[in-house]
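Subject: Structure handover

Hello,

Here is the structure I promised to pass on. Please open it beside this email and follow along.

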Amino acid sequence: MPRPSTLADLAGERLDHRFKGLPPDADGRTVAELTADRRDLFTGGFPTPVLTLSAERLAHNLALLESYTDRHGLAFAPHGKTTMAPALFHRQLDHGAWGITLAMPHQVRVARQFGVSRIFLANELVDPAALRWLAAEQDADPAFRHICYVDSVRGVELMDAALQEAGAVRPLEVVTELAAGPEGRTGVRTTPEAHAVADAVARTRTLRLVGVAGYEAQVPDASAAAVRAWTRELIALAVEFDGAGRFAGVDEIVVSAGGSEWFDAVSDAFAEIPELSAPVLKLLRSGAYVTHDHLHYRDRTPFNRVPEEGALEPAFRLWAQVVSRPTPHQAFINAGKRDVAYDLGLPVVEVIRREGNILTADGISVTALSDQHAWLGTEPGVELAVGDWVGLGLSHPCTTFEKWPLIPVVEADGTVAEYLRTFF
């Protein structure tokens with residue numbers, strides 16, 4: 001079977017056993033044909049468990065970050081590793097995104113396969129095979145722009161050697177990564193280290209320093225004040241580099257940060273960036289916003305601190321069925337660790353569906369997960385029967401998307417309007 005390489009090709013992909021949660025009678029049909037059916041999620045033959053996305057909430061979240069970044073003068077490269085869904089990449093680009101952020105070389109290959117022309121790799125890249133592929137990709141397409149981190153002299157030397165061996169013509173754009181404190185994740189810890197890395201880049205012909213970047217969520221005891229302080233350190237490094245002539249000849253200077261928990265504090269600090277020798281690309285990289293969630297990001301979203309800016313809406317709902325009700329205080333549904341994220345909190349029971357009616361789920365909670373079951377605790381007097389559908393809210397979009405290769409997008413009336421293909 002030819003591999004899909006455009007969104008139109010995805011629509012022509014034939015359905016089979018690889019795609020869980022789809023009606024069995026969809027086998028052999030294309031995604032486009034199933035989409036055209038506009039089936040009802042509850043009466044159209046979808047077996048449980050099935051992960052769904054709300055069409056309306058997805059559209060709301062995409063529009064909200066577009067308006068937020070516009071309002072604050074930010075460029076936006078949403079983190080694509082959250083969804084790994086090319087159709088969503090293009091919707092984000094249609095909503096004004098500068099490009100797509102990714103974390104690993106194979107993710108870059110997916111994005112390139114589907115025509116993404118600007119990629120920010122929020123990681124160091126020292127693997128020779130990946131660098132050879134990247135050099136060939138850049139040289140073959142002058143419109144392709146790729147930026148990645150550097151944080152050590154050794155890393156720069158390895159990159160340079162691999163790119164020279166590959167015969168790279170175009171230099172690879174890099175940004176010096178600043179760690180979020182001495183015990184942070186990756187990134188240089190001190191200004192002298194940053195200058196040593198920049199010196200190493202300057203000694204190569206295969207790399208070009210275009211800015212600075214980092215990830216503020218690793219700041220110890222993160223708070224809005226602490227994140228603003230770290231972001232100002234990042235800006236100060238950019239100013240120092242610029243004063244030393246390290247960005248001579250670049251068209252724009254990249255200053256990038258901003259995950260999904262502290263982009264308001266990053267935005268506050270970015271507003272203070274002084275005039276430099278070239279225009280500054282203030283690049284935000286939040287990813288989880290696109291679906292938001294019911295626990296972790298619900299509690300940590302910047303919009304809790306700036307409610308006047310708007311509010312994200314959780315777009316995921318996973319539907320499962322009660323398959324066992326052995327005691328008055330216990331029930332089991334047919335969705336478990338293979339189907340739902342659990343690294344940032346257990347799912348929450350939102351609603352029950354019985355005989356076509358949506359009921360509240362008061363007194364019902366997920367207490368544990370097995371591979372293919374969720375354990376439900378039920379308070380005295382709660383009505384819950386074998387066969388009932390249970391709608392779960394989920395935490396952590398990144399580890400939810402990865403479990404579902406094709407996800408129905410459902411309108412408020414239950415109509416399945418489209419299907420999102422993921423590539424993990």
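Below is what was found in it, going from the whole chain down to single residues.

One caution before the tour: this is a predicted model.

**The whole chain**

The chain holds twelve helices and 18 strands. How compact is it for its 424 residues? Its radius of gyration is 23 Å. The globule rule gives 22 Å for 424 residues, which is close, so the chain is as compact as a globular protein of that length. Along the principal axes, the C-alpha trace spans about 70 × 50 × 35 Å. Buried residues make up 54% of the 424. Now take the contacts between residues at least 6 apart in sequence. Of these, 70% join residues at least 24 apart.

**The sheet**

Eight strands form an open sheet. Their order is 2-9-8-7-6-5-4-3, and the pairing is parallel. Which strands stand at the edges? They are strand 2 (75–76) and strand 3 (100–102). Each has a single partner strand, so one side of each is left without a neighbour in the sheet.

Look next at strand 8 (residues 253–257) and strand 9 (residues 280–284). They run parallel and are joined by five bridges. To find one bridge yourself, start at V254: its partner in strand 9 is L281. As background, strands of a sheet pair through backbone hydrogen bonds, either parallel or antiparallel.

**The cores**

The largest nonpolar core has 120 residues. Those with the most contacts inside it are L102, F120, L172, V174, L318, V349 and L384. Helix 9 (residues 224–243) gives this core its largest share, eight residues. Another core lies apart from it, with 16 residues. Among them are V31, W319, W389 and V410.

V174 is a good residue to click on. Leaving aside neighbours within four places in sequence, V174 is in contact with C148, V150, M159, V201, L207, R208, L209, V210 and G211.

**Helix 10**

Helix 10 is mostly covered, with seven of its eight residues buried. The buried ones are F263, D264, A265, V266, S267, A269 and F270. What covers them? The cover includes helix 3, helix 9, strand 8 and strand 9.

**Aromatic rings and charges**

A word on how to read these: a pair of aromatic rings is described by the distance of the centres and the angle of the planes. The count here comes to twelve aromatic pairs. One of them is Y68 with F263, at 5.2 Å centre to centre and 70° between the planes, which is edge-to-face. This pair links distant parts of the chain. Y68 is in helix 3 (residues 55–71), F263 is in helix 10 (residues 263–270), and they are 195 residues apart. Both Y68 and F263 are buried.

F241 and F247 have ring centres 6.1 Å apart. Their planes are at 65°, over the 60 degrees that the label needs, so this pair is edge-to-face too. F241 and F247 are both buried.

Three more rings group together: F42, W319 and W389 form one aromatic cluster. W319 and W389 also belong to the core of 16 residues.

Two arginines sit over rings. R112 lies over the face of F144, at 3.9 Å from the ring centre. R421 has its charged end over the ring of F423, 4.6 Å from the centre.

**Two loop residues**

V188 is in the loop between strand 6 (172–177) and helix 8 (191–202). Is V188 buried or exposed? Its relative accessible area is 1%, under the 20% cut-off, so V188 is buried. Not counting residues up to four places away in sequence, V188 touches D151, T176, E177, L178, A179, E193, A194 and V197. For a sense of scale, V188 and L62 are 33 Å apart in space, C-alpha to C-alpha. In sequence, V188 and L62 are 126 residues apart.

T30 is in the loop between helix 1 (7–11) and helix 2 (31–37). At 9% relative accessibility, T30 counts as buried. Beyond its neighbours within four places in sequence, T30 is in contact with A11, G12, E13, R14 and L15.

Best wishes

How values were computed: Residues numbered from 1 in each chain as written. Predicted model: local features only at pLDDT ≥ 70, side-chain atom pairs only at ≥ 80, totals over all residues. Heavy atoms only, no water. Phe/Tyr/Trp six-rings, centres within 6.5 Å; stacked < 30°, edge-to-face > 60°. Helix = DSSP H or I, 4+ residues; strand = E, 2+ residues; numbered from the N terminus. Buried < 20%, exposed > 50% of the residue type's maximum accessible area, 1.4 Å probe, protein only. Lys NZ or Arg CZ within 6 Å of the ring centre and 35° of its normal. Contact = heavy atoms within 4.5 Å. Core = buried A, V, L, I, M, F, W, Y, C linked by side-chain atoms within 4.5 Å. Pairing = 2+ DSSP bridges. Rg over C-alpha atoms; globule rule 2.2 N^0.38 Å.
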